[in-house]
Amino acid sequence: MTSPRPTVVVTGLGATTPLGGTAEETWQAALAGRSGASALDSDWVEEYELPVSFAAQLTTPVAEVLKKVETKRLDPFAQYALVAAREAWANAGAPEVEPERLASSVGTGIGGVQTLLTAWEALRTKGPRRVYPLSIPMLMPNSAAGTVSLEFGARAGAHTLVSACSSGAESIGYGAHLIREGLADVVIAGGSEASIHPLPIAGFAAMQALSTRNDSPATASRPYDTERDGFVLGEGGAILVLESEEHAKARGADIICTLAGFGVSADSHHIAAPEPEGAGASRAMADAVRDAGATPADLSHINAHATSTPVGDVAEVAAIRRAFGSDADHMAVSGTKSMTGHLLGAAGALEAIFAAQAVRDRVAPPTMNIETLDPAVDLDIVRDEPRQLSQDGDLLVLDNSFGFGGHNVALAFGSY
């Protein structure tokens, strides 16, 4: 007979985002409906004549949190991961765990793009001797996972999943897999991204993926609104501490919620566009609920991917309907990118934190900036104000995350 798989619980949360310097500051700002988008004050906006001149930038500069040597030796995306991981670890009560039973799993969509382009500029204009010696370890996509592993002595693996905008969520799912398979007792898991730079902005703008509401950054991200015109680029890091229930209980940890299930699929449809009927995305959602030992009737709230793109939002709506049918009528759906912007590889991790906090506080955050709801969106969207969820019994909350390449990830968080 096989032993029952371990229950995975969440014991720590950490984040640095366009809404706050901590996970709790970010959550409270989201509940208040605050926008993190603002005009960019960098000279390069005008220098390169960028068509988009705003983004969702960190509220707390990392230079105020990290040592100078840390900011010099780490690309910003690894800096953000380190800030978030330190908070999450402290929030979890700094658990004592054997290094061989502790792992890191930190994803990113793009990685050290700022280091890469800075090094290229140094080479191009000043020659090879002026390229910073740590450029390669700084620009590697696994830099954040490696940095977190070094910080906490995690020797059960330093894992990096790169699946575009679903990287953070998939990294969390993989962390749960490590615990379920008995390969770790504790996993520091999440995502980080730092791509507010002329090249990513120019590239996304060329795809017509970004909103061009330069005159109103705070209202530019508007999931489900008929006038949505693209996403708002964001940055930040978000980390959860995952543990086996047995390990957490043995040390008397405060358990926030369970990571009850996860589902992963691929569209195999297009490198950037979502599969319009939502076949792959719906499978990931249904698998996450099934993996949690639940049914659609048990699902109360969905933190949707909801990027504010004309095609993506309705494709996700179709996927939710395909996965859950008429049960979707009773699910409160939130699009928090309306406030945070799109953190790319960190988005799914931040929204996983929101899902965990929604379970903890029994409240769904609002979706902002909907003036006219798209008639194709036949779901119960939480608009303008947070909504109380059921105050009795168990809650089950879903975090959806999708990425270029056809990646689909869904995480199900439950009451403990």
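**Close-up views of a helix pair and a buried strand**

**View 1. Helices H11 and H12 pack together at an angle of about 45 degrees.** Helix H11 covers residues 279–291, and helix H12 covers residues 310–324. Their axes lie 8 Å apart. The angle makes H11 oblique to H12, because it falls outside the ranges for roughly parallel, roughly perpendicular and roughly antiparallel. The crossing of the two helices is right-handed. The model shown here and in the other views is predicted.

**View 2. Residues of H11 meet residues of H12.** H11 brings Ala-279, Ala-281, Ser-282, Met-285, Ala-286 and Val-289 to the contact. H12 answers with Glu-316, Ala-319, Ile-320, Arg-322, Ala-323 and Phe-324. By type, the contact residues split into 9 nonpolar, 1 polar and 2 charged.

**View 3. Strand S7 is mostly covered.** This strand spans residues 236–244, and 9 of its 9 residues are buried. In a regular strand, side chains alternate between the two faces of the sheet. Both faces of S7 are covered. On one side, Gly-236, Ala-238, Leu-240, Leu-242 and Ser-244 are buried. On the other, so are Gly-237, Ile-239, Val-241 and Glu-243.

**View 4. Strand S7 pairs with strands S1 and S6.** S1 (residues 8–16) runs antiparallel to S7, and 8 bridges join the two. Leu-13 stands opposite Leu-240 of S7, a residue that is buried. S6 (residues 186–193) also pairs with S7 in the antiparallel sense, over 8 bridges. Here Val-187 has Leu-242 of S7 as its bridge partner. Leu-242 lies on one side of S7 together with Leu-240.

Methods:
Residues are numbered from 1 along each chain as its sequence is written. This is a predicted model: local features need pLDDT of at least 70, side-chain atom pairs count only at pLDDT 80 or more; totals for chains, interfaces and linings use all residues. Side-chain values use heavy atoms; hydrogens and water are left out. Axes are lines fitted to C-alpha atoms, for helices over the stretch in contact, and angles run from 0 to 180 degrees between N-to-C directions. Helices (H or I, at least four residues) and strands (E, at least two) are DSSP runs, numbered from the N terminus. Angles under 35 degrees count as roughly parallel, over 145 as roughly antiparallel, 65 to 115 as roughly perpendicular and the rest as oblique. A crossing is left-handed if the near helix is turned anticlockwise from the far one by less than a right angle, and right-handed if clockwise. Contact means heavy atoms within 4.5 Å. Ala, Val, Leu, Ile, Met, Phe, Trp, Tyr, Cys and Pro count as nonpolar, Asp, Glu, Lys and Arg as charged, and the others, Gly among them, as polar. Buried means under 20% relative accessible area, exposed over 50%, partly exposed in between (1.4 Å probe, protein chains only). Two strands pair if DSSP finds at least two bridges between them.
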